[in-house]
Each structure stands twice: as C-alpha cells, then as structure tokens.
Amino acid sequence: MAERLRPETDAGLLDVVAWAAAEEVPLEILGHGSKRGIGRPVQAEYTLDVSGLAGVTLYEPDELVLSAKAGTPLSEVEKLLRDANQELAFEPIDYAPLFGGEAGSGTLGGVYAANLAGPRRIKAGAARDHVLGLAAVSGRGEAFKSGGRVVKNVTGYDLSKGLAGSWGTLAVVTDLTFKVLPRAERVATVLVKGLSDEAAGQAMCATMGSALEVSGAAHLPAETVADFGLGSDAVTALRLEGFPTSVAYRSAALKKLTEPQGPVEVLDVPASEDLWKKIRDAAPFQGEERPLWRISVAPRAGAALMGALASEPETGRLRWFYDWSGGLVWLSVEDDIEDAGAMKIRSALAASGGGHATLVRGPAALRTGVSPFQPQPEALAALSKRLKESFDPRGILNPGRMGA
Amino acid sequence: MSVAMPRPKAEILARREEIAAELRRIVPGEGVVSDPDGMRPFETDGLTAYRQLPMVVVLPETVAQVSRILRYCHDNSIRVVPRGSGTSLSGGALPLADGVLLVMSRFNKVLEVDFDNRVAVVQPGVTNLAVTRAVEHRGFYYAPDPSSQIACSIGGNVAENSGGVHCLKYGLTTNNVLGVEMVLITGEVIRLGGKHLDAEGFDLLGLMTGSEGLLGVVTEVTVRILRSPETARALLIGFPTNEDAGRCVGDIIGAGIIPGGMEMMDRPAIHAAEDFVHAGYPLDVEALLIVELDGPGEEVDELIARVKAIAEDNNAANLRVSQSEEERAVFWAGRKAAFPAVGRISPDYYCMDGTIPRKALPKVLARMKEMEAEYGLKVANVFHAGDGNLHPLILYDANKPDELERAEAFGAEILKLCVEVGGVLTGEHGVGVEKRDLMGTMFNEADLAQQERIKCAFDPRQLLNPGKVFPELHLCAELGRMHVHKGELAFPDIPRF
C-alpha cells in the first residue's frame, strides 16, 4: 500500500512534488479517487492526495465565473451554482457508480484532469471548453499558472486546454477557474419509440441539424433500454432546454418533426432530469464489473460501427447505448472476451472513419495488457512523449497511466 | 518600429540564392518569390507599423510541399514565418529578414461539407466567411466571426484563436474546431481530432489553437457548423452613463440570458460611427448597447421583453427594438464600421485588445480618461460587453513627431491596467510582436518557461515564427535543465497516512 501524502497548503503540495522530482520518486495523483480505475494502473510508492486543497475561492454569478482549489468536491460546486440558478454547462459525468463508488463523489480537479463531459457535449462542449485559467505544479517541481478569469483570452499558449484530460500526468493542478452559465429554467424530452440504431442515428443527426437547439440526443437500443426504465422497445431521446415558452414551442415542433418515424411521447421535468442523469452516468453498466468501452466517433458513424461489431461472432454478447447524437457509444463486453475486444473495436473504429476507444473499466491485468487509451500513430505518440517530458522530465507524475 | 527581432543569421543570409533555388525545386512555377518588389506586399500584416521584407516567400499548394519545405528548413536551421491572409493585428505574420515566409493562401478549397455530422472540412487558406458561404444554402453557418471575416483565413483563425461578436454564446475558434491536419517543423504530418467530438490523448488541438504559428503549420481544418437560429432581433439602448450600461449588461446575464451578441460603444465611438453610416444612433448618450437575441421566435420575443425591462431599470435613456432584418442590420452597421469610422476622424488609430472582468469597466474607462490627458491623445472605445473584451482605439497622427510613440506607450499602459484589474493583455488579436514585451506583466518567469518548453516539444530548434509571443528566446537545452539534486530537499513535512 502506497504511503499517502495529503498537503493542506499550496506550499506543502509544492514541497512534495519538488522533493519527488529531486529524488525521482513516482507519485500517484489523487483527489477522491472516484476515477482511479481508469487508465493503466499506476505503480507509485507515494500517493499525493490533493483533496486537502479545497474550497471555492471566487464566485461571481454576474460575471459567470467561479474559481476553486482543485480538491474542492464537485458536489459542493454544483450546489453553490444551483442555488444561484447556474451550472457547469458541460454536465460532467459522475463516474463513481461505474466503479462501485458513492454517487456524488469526485473533485473539481478530477473533472478537469479527465476532461469530463455529459450529454450536452454536442451543444456545450466538455470541461476543456469551460476552463478559463489554472495554477499547477509541474513534474519539475515548479509552480506555474496559465489563462485568467475572463472568457476571451489569447495571451500565450492555452494551457488551460492543454492540460485538460491529461489525467494528472503533466502537472498537479491546484487551482481552477471555470466559466459558469445560467441553468435552463425548463427541460423536456421527446421520446421516439422503436427505431433501429441506423434510423435513430439518422433521426438524431437530422434534429441536431434543425434550428430547435436540441441539447441531448441519445439512442437506447432494446439491449439496454430497460435499464432506463423505459420499457423494452428501443427509445430515441431528444432533450430541449431553455425558457418555458421556448421549450413548449420547440417540443411541439420537435414532436411534429419526429412523429412520422414512430410513436412519440414527451417527458416533463422530473422524468427528463432523471433520464438524462442515467444517460450521463451510463446507468445500465453500474452495479456490474464487465469491461466497459467508451467510444468517440463521428456521430453519423456510431450505428454503423455497432452494426459491424455486433455481427462479429467473436465479440460475444454486447450491450450498448448511444449518446452525443450517435457520437458516443458506451459498450459493455463479456468478461471472457480476449483483450476485451480491443483489436476488433479499434479496427472497426478505424474503418468507420476514426475516433477513439477507451477501455474505461476492466480488471487491472487487462488494463496493463491492453492500452486503455487509444494508441496513437508514431509521430503523434512521439510528440505526446516530448510534451510529457517538457512538463515532467523524470516521469514522476502518474507514470504509465496514459500509456506505457 | 520599437521592437527588437531575433538577429538575422549571417550564414543563412549568405545562402539566400541557394535556399530560393531549393524552394523552387520543391514548389515549381510561380510559387517562390524572391525579388524585393514581388515580396513587398508581404512585408507587413494588419499591424502596419511593423515592416520587414522576408528573405524569400514561398506559396506551396500541397501538403507534401509544405512537409518538404519545413523539413528542408529544419535540416538547414532556417527560420520560417507562416502566414495566412496577413490580417493579424498583432504582427503575428511579420516576416524575418533571414526567414522563409510560408504563405498558405493557395490552400483555398472547401474539401467537404458534412451536414449529418455538422462539420466542414476546409483548407487553411479558405476565408472565415467562405465557410459560412459554403453551408448557408442549407441554413447553416460558422459561428466565430472576427471583424476581418471577409479576408481572414481559417488557418489564421486557428493560429490566433479568433473571436468575434458571437463568442459569449457560441465560443471562440477553439470551441468550434474539431480537428486539424498539421505539419511539424520536422516535416512530419499529424492529425489531431477529426469529426468525432473529443480528441484522444493530450489536448494538442487545444494547444495548437491560439499558438500563433509557433508550433506547426495547419494544412486542413475540420470545423463545427451550426444551424442558423430561427430568428435574431436586436435592441439598441442608449444610457446616460457608462456605469448604467455596464450594470445593465451584468443584470441581463444575472437574469440567465446569454445574448447572441452584446456590444457597447462609448460617446466618441458612437459619434464617429453615426457620422459615418447614419445608423440613427442617439448622440445625446454616453454609452450605447446593442443586444442581439437569437433563437426560436417565441423565445426571442420573450427575451426582448425581459431585456427591455432590465434596461429600463438601469436608466435607459433611449431604446429601440429591431422590427425587421433591415433594421437589425442598420443597428449593427455602425458597430461593424466603428474602426473605419474612427479612421475618418483621425489620421491614424491604434487598436488595443485587452479583456477585463465586466464589472471593472467603469473603473477602466475612468482611468483611461485620465490617461488621455497624460498622453495628450484621445480614445474611442468599442467593447464586446458580454465577454469583457475591450477595444480602445487610440487616435494619433503618425506624421506628428512622437505621436506614434505616445500612442504605443498609452496602449501599453491600458493593457497593464487590464491585467491589474484581473484581465488579460489580449482577448482575440494575439500577442505577436506587439504585446510580446508585455508578457511579463501577466506571467512570471516560471510561467513563461513552461510555455517555452511546450514550444521546445514541438520545435526544439525554435525555427517557427521566433521573435513572436515570448519576450526572450532561450535555448531549449537550457529550458530543459533541471536545477534540483538528490538529497537536497527534506522529505516533506506533510500529513501522511
């Protein structure tokens, strides 16, 4: 068991990393550990627990800006925002329940390090699109900052984006500033029943291309629809958010647009909120331990990709659903499939026009043998390695987590 | 010109003919320009105070040519300055005397429009507006709309992370680019992202966007296209004070309304614009706000009513709502012509680009008034009020002794003030050469060193666009050195478990 160091000040955290850099001691960087099971298992003698650096340091609703220490619980941030009718518009997924953890855990630093997003990805982007500035300590044991507290800023390289989704392998982030946005006053969901994956893919992309400002487009095929409590026939869910009159107007228009394709039903506020939370958190795959893939692909190519995979006899029984208008596939495979289907999935993906497949969940041995993150072409991998070395030349931060 | 550029390398200048000949082998025909008259149009960009003839200009047509040019320059340690349409307002495309100017304007094709996936794949020399032109027949558009959009290229937009009036609601270039193909200085061609929504691995696309031509040369861009809103209507609101206008902006956002555009002008800008385009702007107000609401018709009608009420609560002296597309266009005409309008009332003007927290606006405007007296120059202000991006236009006459110097010093003071109130040096025009030497007001040495190390990961010989963004050039070997030694630091005195 690694020894856990839990600094409570910026200076203390800097001391730990500077010491580790000098002594070449690998550190596993951790907040609440809610996403610890993602990526290659990290072998480190010490764990650097960032959760002691917590608290919202600035919140100005009129300026749409919030700053907090990286260890601040996401739940605390979300509550504060909700009380002012605001939110993090990128709707970060709560990964914890997929790993048997408690719903609602996780830190703001973790949201950023994993570049989380949710169903609103298709309209509002991911964490990377909302972070305005940060302070961090590099693997060289040096504190640095980037960005600021304003939306429009092109002063220097955009490290706020550059470090997003780097899983703690480039620097230990200590402070984050996010753009926040008003919460929609009303939500409604139009459900279309009985569509095939292909028809749903087409319907979702068509509605995303309408002027109706759809803020969530998911397809729940027969294999998983029951887990959403929506019966046994496939359901295509289209979400509308905004001011009440606008939502009423748009749901009527969307209903009319989709009715020729199948039976249509409209969900009101509580049922809508519940459904999109389940979609966000990949609910069908909670409470099990089967290997789970998260596949990002061009939206229109999602259904064809799954058609190709489902027809492969060697892939066993698959369970999946689509978010992001077809561009995000959550796919669970049977335990005993060789390499959890990595080769098959990644070659089918390449044949569908590209994207990436991440093995989000799987036993440690599997995540050591199979690259959990999409392998990169040589020149790109070499560039990524040079970037890693520019921040962490001695490889002390989460060594191996994103790659060998 | 008051900025020092990297000293030209004599050994490279001595090889000028040979280098031009080699580039002609790579790009046959008209693609290489090396006579002074032919190169003259390339000696400056949108920041015309700075001029420098390049050593040679090359205009490749294919990715393979770009790759061979860069590899050749890398192998021979020749500096390269990439250029799109040359509309940079910060000198980002200012040539170097010993540098190859790599002009991407022949990469001018829209390669693919994919309405299902809501993307367009274009070559970097395609203009910003041409992307919208390529998709508008199906009711789509490309959201970022810098005011140079008729001329500026998408490749340049990626390099500068360009904005525009729609940023608050629809984001900057970085939020609207899904993928690029680019060539590294070694000649290696890589792809970042694509038609899928998030890129894998490190967010290199995020680093590339806004990197001002220092990290690589983009050869293809995949951008998000959006369906045009069903309707758009604008309010034109005059206020007796800047404070009233500023508070109104805060209250609109505080009420949960994110307008498609929200622009403010101060009295000198209002008068200049009105004299120029006769948009019907009120002349007896201190501040003018244009608030545009877009979306479904019912929503826009409701929001117009809400914004109207908020404006009235904030002492609006004058309020009009556009009743037609023509009227909306007229409201915008003055704002969009604000720069040339100011150009009519002054022989020259110097456009600044700081961003500030919105609430600091009255303080910044008041301080600027004092500075006008100190520097003996007038300022007109246009302001992307929604996102705090301020464009003070300093009026001067380059033919009068030291007015340019005073304008530059005034500008630098304004930018320092922006940083002091919690803002930044540049919101959308880039650092380039113009604000390079002010980087130290925002970043300390460690901040800058880490940014330079990123540069080294992409371009270890520092051949791509050197002299831009960073006030000093350091050797990558020096930047990479670790100044710590085993045993010097005690085991940290930190709670342990």
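Which residues is B:Glu160 in contact with, leaving aside its neighbours within four places in sequence? Keep that one in mind while you load things up; we get to it at the last stop. One thing before you start clicking: this is a predicted model.

**Stop 1: both chains**

Colour by chain and look at where A and B meet. Here 84 residues of chain A are in contact with 87 residues of chain B. Now select residues 10–23 of chain A, which is helix α1: eight residues of the side that touches chain B come from this helix, the largest share. If you colour the chain A side of the contact by residue class, you get 35 nonpolar, 28 polar and 21 charged residues.

**Stop 2: chain B in pieces**

Hide chain A for a moment and colour chain B by domain. Domain 1 covers 10–103, domain 2 covers 231–339 and domain 3 covers 346–430. Put a distance label between the C-alpha centres of domain 1 and domain 2 of chain B, and it should read 44 Å.

**Stop 3: the four-stranded sheet**

Stay on chain B and pick out the open sheet with strand order β1-β2-β4-β3, whose pairing is mixed. Its edges are β1 (32–33) and β3 (79–83) of chain B, each pairing on one side only.

Walk across the sheet from the β1 edge:

- β1(B) pairs with β2 (residues 56–58) of chain B in the antiparallel sense, over two bridges. Show B:Val32 and you will find B:Val58 as its bridge partner in β2(B).
- β2(B) and β4(B) run parallel and are joined by three bridges. B:Val58 turns up again here, with B:Leu102 as its bridge partner in β4(B).
- β3(B) and β4(B) also run parallel, joined by five bridges. B:Pro82 has B:Leu102 as its bridge partner in β4(B).

Next, add helix α2 (residues 16–26) of chain B. This helix packs on the sheet, touching β1, β2 and β4 (99–103) of chain B, and its direction makes about 10° with that of β2(B).

Is β4(B) mostly covered or mostly open? Mostly covered: five of its five residues are buried. In a regular strand the side chains alternate between the two faces of the sheet. In β4(B), B:Gly99, B:Leu101 and B:Val103 take one side, B:Val100 and B:Leu102 take the other, and both faces are covered.

**Stop 4: the five-stranded sheet**

Move along chain B to another open sheet, ordered β5-β6-β10-β8-β9 with antiparallel pairing. The edges are β5 (110–114) and β9 (189–193) of chain B; each has a single partner strand, so one side of each is left without a neighbour in the sheet. From one strand to the next, the twist averages 10°. Zoom in on β5(B) and β6 (residues 119–122) of chain B, an antiparallel pair with four bridges. There, B:Glu112 stands opposite B:Val121 in β6(B).

**Stop 5: the nonpolar core**

In soluble globular proteins, nonpolar side chains tend to be buried together. The largest nonpolar core here has 279 residues, and those with the most contacts inside it are A:Val172, B:Val223, B:Leu289 and B:Ile394. Select B:Val223 and show its surroundings: among the residues it touches are B:Val119, B:Val122, B:Tyr142, B:Ile154 and B:Asn176.

**Stop 6: a strand in chain A**

Bring chain A back and select β11 (residues 186–193). Six of the eight residues of this chain A strand are buried, so β11 is largely enclosed by the rest of the structure. β11(A) pairs antiparallel with β13 (residues 235–242) of chain A over eight bridges, and four bridges join β11(A) to β14 (residues 264–267) of chain A, also antiparallel. Centre on A:Val192: this residue stands opposite A:Thr236 in β13(A), and its bridge partner in β14(A) is A:Val264.

**Stop 7: helix α11 of chain B**

Select residues 267–277 of chain B, where B:Ala269, B:Ile270, B:Ala272 and B:Ala273 are buried. Their cover includes β13 (261–266), β14 (287–295) and α13 (325–336) of chain B. Just after α11(B), check the backbone of B:His278, with its positive phi of about 50°.

**Stop 8: back to B:Glu160**

B:Glu160 is in helix α6 (residues 154–160) of chain B. Why does B:Glu160 count as buried? Because it has 31 C-beta neighbours inside 10 Å, and 20 or more is the cut-off. As for the opening question, its contacts are A:Val154, B:Ser88, B:Gly92, B:Gly210, B:Glu212 and B:Gly430. Try the pair B:Glu160 and B:Gly92: 68 residues apart in sequence, yet 8.5 Å apart in space, C-alpha to C-alpha.

Methods. Residues are numbered from 1 along each chain as its sequence is written. Chains are lettered from A and ligands numbered from 1 in the order in which they are written. This is a predicted model: local features need pLDDT of at least 70, side-chain atom pairs count only at pLDDT 80 or more; totals for chains, interfaces and linings use all residues. Two residues are in contact if their C-beta atoms, placed from the backbone, lie within 7 Å. Ala, Val, Leu, Ile, Met, Phe, Trp, Tyr, Cys and Pro count as nonpolar, Asp, Glu, Lys and Arg as charged, and the others, Gly among them, as polar. Domain bounds come from an automatic or database domain assignment. A nonpolar core is a set of buried Ala, Val, Leu, Ile, Met, Phe, Trp, Tyr and Cys residues joined through C-beta atoms within 7 Å. A residue is buried if 20 or more other C-beta atoms lie within 10 Å of its own, exposed if 12 or fewer, and partly exposed in between; C-beta atoms are placed from the backbone. Two strands pair if DSSP finds at least two bridges between them. Axes are lines fitted to C-alpha atoms, for helices over the stretch in contact, and angles run from 0 to 180 degrees between N-to-C directions.
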